[in-house]
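Trainee: I am new to this structure and would love a close look at one part of it. Could you walk me through it slowly, and then show me how it fits with the rest?

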Amino acid sequence: MATNQTQDGEMDDVDLVSEVEEDEEQEWGDWNTDDDDGEGDGLGSDLLLCLFCDLKYGSSEALFEHCNLTHRFDFGGIRKTLKLDFYGCFKLINYIRSQAAENRCWSCGFTCQSRQDLQNHAHEAFSFKDTVLPWGDDRYLKPFMQEDPLLYSFGEDWEVEDEDTTSDNKIMELIDFERICIDDDNTVEGPLFDFNTASENGRAESASAFNSCLNGMNPYQEVKVSSVDVNKSGLPSDMNSTNKDLEVSFAKVEANEIKNVNKNYFGLYSSFGIHREMISDKVRTDAYRQALLNNPSLLRGATVLDVGCGTGILSLFASQAGASSVIAVEASEKMAAVATQIAKDNCLLCSGGPSEGTSQGTGVMKVVQGMVEELGNCELIQPHSIDVLLSEWMGYCLLYESMLSSVLLARDRWLKPGGAILPDTATMFVAGFGKGGTSIPFWETVYGFNMSCIGKELVEDAARVPIVDIIDSGDIVTNTVVLQSFDLVKMTPDEMDFTSRIELEPLTENPTHYSSDSLCKTTWCYGIVLWFETGFTSRFCKDMPIVLSTSPYTPKTHWSQTILTFREPIAISLGSTASDTLAAVGTDACPAVKVHLRISIARAASPHRSIDISLEIAGIAPDGRKRSWPVQIFNLS
């Protein structure tokens, strides 16, 4: 013992210290024991799981040394090279865990057949300098692994932040960060809305309730985060009334988050590959070309504004159609320069334009770099001076990317009274799809072997995440119903968030899905598929109206369709087949004759530009009995 190795004069002090240490160890041991009891089957606070294999370590330093030597992942080097801050490293760890879970290389994106193959594939990280970081999305602020102590230990030796960072900003960033990462264990167990009692005219109320449900809490309740009371404004309650500077700091943090998302978003559109894909989409490009070139009464001599011009292809069509002036707005600095050069090379750039330098020719195009939201004082675009507002703003499921709000802002700010919008209408459709629309058939027989367990697991995963893919029209098993229609001339931005109730019935025109027994024409509906159409209607395109469709029944487009898979398939019947009145509705013994859906779509608070989709399902039996399934919530990001 230590006391036996000291001089007599020191023994009393050593004994005292030992007793104190033993007491402290006992106190901490009691605390840890209590904590462990509450953890259940968690990972344990002293064990850190490797990012790539099943080994665990007692410190982040040991773990990252192992990752560097074994998996060729140099966390410290990457952090320094890319100058990642705490949040950047936090996202990186969650991103790598998400990729490793799918046997995908975090660096090059190659998908391996097994976890062992992924470990054998390990290589030095590719250079991410001057590129959009794949883990930059704010969704990686949410821990991928429920209990991951690495997220709270990798920064133990973190360098001190810059001295000029104010304490107010530090407090607000921590509060905001913790608020984002609150566990959403309070999942919704039951329908958000009652089909029978919900108000028909309750769009704003429904959207509000939907968003509150997504947040997993009452939007006005007080929550406690890191021992700081936070009220509905997101500020500590004891500071809300005394320190207005914190409100400004909070607004700045939120604005910076949106700014970073926008920067990444427009950075993606600096890739020529994306523009090649869009221009190569003949359905899309030809629809715009025909609408512009075949409506001379609208375009000839008109002043045209192209919102989000990209390469400038639509502006080039408008110039070709006889417009007297075409102003092409592009947020990406790189693509604005490219569009300027393309217009110049085709002798369509206007003399004295803002960015062309010396112009060749006397064209009509001018390119303006910037977001629509930031061009309020742009001298080149006078208020209410535009004859035709042109934009290809549509995203997956129509509303993903939230670019429509920019178009509506441009309409209100610059379009003349009675001016035209191209396209001027947009309509969303929904239908049910069968087994062929899933991955199950592929895995049922693989070179004669039954691998259906894989297909079933993939369908379960699909019930949590929307899939953007092509659905064959032969796999549609219900009628098609309009989900929502938009009139871009009259609509407001708030109408982008909506709730609709629809009713689907089995499709009678496609008997291939049903059994040959005419008394039991039953099939299975595995989910719903959404698509959209935009219209260049005769309201403005009087010479030749055009419809751009992304339907499964028309040639495919780069938008594909958006697939939402049910947690379990629903048996549906063509008519009044004999059914077991004691069996559950939607089963083979009692197929549903109708499927009621309540679908809510809202712009997500985070990440910016994504959308949240709420899906409520109810099956109706031939005798009128009704069965409801738990609500499903999807995020398209």
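Which residues does threonine 565 touch, not counting residues up to four places away in sequence?

Mentor: Happy to help. Keep in mind that this is a predicted model. Threonine 565 touches Phe433, Val459, Ala462, Ala463, Tyr526, Gly527, Gln632 and Phe634, once residues up to four places away in sequence are set aside. The residue itself belongs to strand β16, which runs over residues 561-573. Its relative accessible area is 4%, and because buried means under 20%, threonine 565 counts as buried.

Let us follow one of those partners. Phe433 touches threonine 565, and Phe433 is also in contact with isoleucine 528. Leaving aside neighbours within four places in sequence, isoleucine 528 has further contacts with Val430, Ala431, Gly432 and Leu504. The list for isoleucine 528 goes on with Thr562, Ile563, Leu564 and Phe566, and then Leu597, Ile599 and Leu615. Isoleucine 528 also appears in a wider group: the largest nonpolar core, which has 97 residues. Among the residues with the most contacts inside that core are Ile528, Leu305, Met428 and Leu597, together with Ile599 and Ile601. Apart from this core lies another, of 26 residues, with Leu48, Cys67, Leu92 and Trp135 among them.

Leu48 gives us a path to serine 153, since serine 153 touches Leu48 and Ser60, not counting residues up to four places away in sequence. You will find serine 153 in the loop between α5 (115-120) and α6 (167-180). At 8% relative accessibility, serine 153 counts as buried. Serine 153 and serine 59 are 94 residues apart in sequence, yet their C-alpha atoms are 7.7 Å apart in space.

Another loop residue to look at is alanine 323, placed between α12 (313-320) and β6 (325-330). Alanine 323 is buried too, at 5% relative accessibility. Beyond its neighbours within four places in sequence, alanine 323 is in contact with Leu299, Gly301, Ala302, Val304, Ala318 and Val364. Methionine 365 is 42 residues away from alanine 323 along the chain, and their C-alpha atoms are separated by 9.4 Å.

Now for two helices. Helix α4 covers residues 86-101, 16 residues in total, and reaches 23 Å from its first C-alpha to its last, close to the 22 Å expected at 1.5 Å a residue. Of the 16 residues of α4, 13 are buried, so the helix is largely enclosed by the rest of the structure. The N-terminal end of α4 is capped by aspartate 85, with a side-chain oxygen 3.3 Å from the backbone nitrogen of tyrosine 87. After α4 comes asparagine 103, which has a positive phi, near 55°.

Helix α10 has 12 residues, 282-293, and spans 15 Å between its first and last C-alpha, close to the 16 Å expected at 1.5 Å a residue. Its buried residues are Arg284, Thr285, Ala287, Tyr288, Ala291 and Leu292. They are on the same side of α10, because they cover an arc of only 160° around the axis. Here is the background: an α-helix has 3.6 residues a turn, so residues three or four places apart point the same way. At the start of α10, a side-chain oxygen of aspartate 281 comes within 3.3 Å of the backbone nitrogen of valine 283.

A few backbone details are worth a look as well. Most residues other than glycine have a negative phi, and most peptide bonds are trans. Arginine 72, in the loop between α2 (60-71) and α3 (75-82), has a positive phi, near 60°. Arginine 72 is partly exposed, at 39% relative accessibility. Tyrosine 447 has a positive phi near 55° and lies in the loop between α15 (440-444) and α16 (452-462). With a relative accessible area of 83%, tyrosine 447 is exposed. The peptide bond from leucine 422 to proline 423 is cis, with omega near -10°, and proline 423 sits in the loop between β9 (415-422) and β10 (425-433).

Finally, step back to the whole protein. It has 16 helices and 19 strands, and 45% of its 637 residues are buried. Among contacts with a separation of 6 or more, 69% are between residues 24 or more positions apart.

Technical notes:
Residues are numbered from 1 along each chain as its sequence is written. This is a predicted model: local features need pLDDT of at least 70, side-chain atom pairs count only at pLDDT 80 or more; totals for chains, interfaces and linings use all residues. Side-chain values use heavy atoms; hydrogens and water are left out. A nonpolar core is a set of buried Ala, Val, Leu, Ile, Met, Phe, Trp, Tyr and Cys residues joined through side-chain atoms within 4.5 Å. Buried means under 20% relative accessible area, exposed over 50%, partly exposed in between (1.4 Å probe, protein chains only). Contact means heavy atoms within 4.5 Å. Helices (H or I, at least four residues) and strands (E, at least two) are DSSP runs, numbered from the N terminus. The expected span of a helix is 1.5 Å times one less than its number of residues. The arc is that of the directions from the helix axis to the C-beta atoms. A polar contact is a pair of N or O atoms within 3.5 Å; within protein, one must be able to donate a hydrogen and the other to accept it, and residues adjacent in sequence count only if both atoms are side-chain atoms.
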